[in-house]
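Please open the structure in your viewer, keep the sequence beside it, and follow the stops below in order. At each stop you will be told what to select and what is there.

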Amino acid sequence: MNTTDSVGKQADGARADGRSQDDAWAVMERFYAAEAAYVAAGGIGKADYDEVAAYLDPEVVLHQAPGLPFTGTGTWRGRDGMERFLATFSEVWESMEFLEQEHWGAGDTVVVRNRVRFRARSTGQEVDTLIMQLITVRNGRMLECRPFYWDPSAIADACAYRPHGDGVD
């Protein structure tokens, strides 16, 4: 008899829906749950990063667009880099809730459309926004992620954040 867990994974490593547990979308489902729990717990020093790191390839690279309160240099490398990114991200956001998710792709690559509600720590303001992500997975772990934010100004406004050089004092 095959049993399934909350994401439909069977005890033999297959999934009830016929996909491999190492399929890019299956990996991302588990990563998103761990990421949201990490942020909600307060990030570095307050949350268990091992739950997140379990879904990251040792050579993972996150490419963030500049101009947002959590993007830093724009490129975050390795599990340590991802931990530093999530520490910054957790300082900015009090919570993140995935409201809708759609995905396209197969095997090692997936495009994910996330509708997410964030609550900013500094203002308490919520923002409901869309994020598209192009993700590559290797050996059941995220190798590369490129997120594209639908409305970066709404995110910056929720955090009362103004990037340098925007003319605002």
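## First stop: helix α3

Select helix α3 and look for the residues that count as buried, which are G78, G81, M82, F85, L86, A87, F89, S90 and V92. Before going further, keep in mind that everything on this tour belongs to a predicted model. The helix runs over residues 78-92, so that 15 residues are highlighted when you select α3, and the distance from its first C-alpha to its last is 21 Å, close to the 21 Å expected at 1.5 Å a residue. While the helix is on the screen, it helps to remember that an α-helix has 3.6 residues a turn, so residues three or four places apart point the same way.

## Second stop: the whole chain

Now zoom out until the whole chain is in view, and colour it by helix and strand; you should find four helices and six strands. If you follow the chain from the N terminus on, the elements come in the order α-α-β-β-α-β-β-β-β-α. The chain has 169 residues, of which 43% count as buried. If you show the surface of the chain, about 8,800 Å² is exposed, and carbon and sulfur atoms supply 48% of that area. Among the contacts between residues at least 6 apart in sequence, 46% join residues that are at least 24 apart.

## Third stop: the nonpolar core

Next, select F31, F70, F89, W93, I135 and M142, which are the residues with the most contacts inside the largest nonpolar core, a group of 43 residues. Which helix gives the largest share of this core? The answer is helix α1, residues 24-41, from which ten residues of the core come. As a general point, in soluble globular proteins nonpolar side chains tend to be buried together.

Stay with M142 for a moment and show what surrounds this residue. Leaving aside its neighbours within four places in sequence, M142 is in contact with V27, M28, F31, Y55, L56, D57, V60, M82, I135, T136 and V137.

Then select R30, which also lies in helix α1. Is R30 buried or exposed? With a relative accessibility of 13%, R30 counts as buried, because the cut-off for buried is under 20%. Add A54 to the selection and draw a line from C-alpha to C-alpha: R30 and A54 are 24 residues apart in sequence, and the line spans 9.5 Å in space.

## Fourth stop: strands β1, β5 and β6

Select strand β1, residues 56-63, together with strand β6, residues 141-149, and you will see two strands that pair in the parallel sense over three bridges. Here M142 appears again, since M142 in β6 is the bridge partner of L56.

Now add strand β5, residues 126-138, which pairs with β6 in the antiparallel sense over eight bridges. Along this pairing, I131 stands opposite Y149 in β6. Follow the chain from β5 into β6, where the hairpin has two residues between the strands, and stop at N139, which takes a positive phi near 50°.

## Fifth stop: salt bridges between β3 and β4

For the last stop, turn to the charged side chains, and keep in mind that side chains of opposite charge can pair when their charged atoms come close. In the whole structure there are eleven salt bridges. Select R117 and E97, whose side chains meet in one of these, with 3.0 Å from N to O. R117 belongs to strand β4, residues 109-120, and E97 to strand β3, residues 93-106, so this pair ties together parts that are 20 residues apart in sequence. R117 is partly exposed at 27% relative accessible area, and E97 is partly exposed as well, at 40%.

Move on to E100, whose side chain meets that of R113 in a salt bridge of 3.5 Å, N to O. This pair again links distant parts of the chain, with E100 in strand β3 and R113 in strand β4, 13 residues apart. E100 is partly exposed at 35%, whereas R113 is buried at 18%.

E100 also forms a salt bridge with R115, where the closest N and O atoms are 2.9 Å apart. Because E100 lies in strand β3 and R115 in strand β4, the pair ties together parts that are 15 residues apart in sequence. Finally, select E94, E97, R117, R119 and E126 together, which are joined into one network by salt bridges that share partners.

Methods:
Residues are numbered from 1 along each chain as its sequence is written. This is a predicted model: local features need pLDDT of at least 70, side-chain atom pairs count only at pLDDT 80 or more; totals for chains, interfaces and linings use all residues. Side-chain values use heavy atoms; hydrogens and water are left out. A nonpolar core is a set of buried Ala, Val, Leu, Ile, Met, Phe, Trp, Tyr and Cys residues joined through side-chain atoms within 4.5 Å. Buried means under 20% relative accessible area, exposed over 50%, partly exposed in between (1.4 Å probe, protein chains only). Contact means heavy atoms within 4.5 Å. A salt bridge is a side-chain nitrogen of Lys or Arg within 4 Å of a carboxyl oxygen of Asp or Glu. Accessible areas come from the Shrake-Rupley method with a 1.4 Å probe; for residues, only the protein chains shown count as cover. The expected span of a helix is 1.5 Å times one less than its number of residues. Two strands pair if DSSP finds at least two bridges between them.
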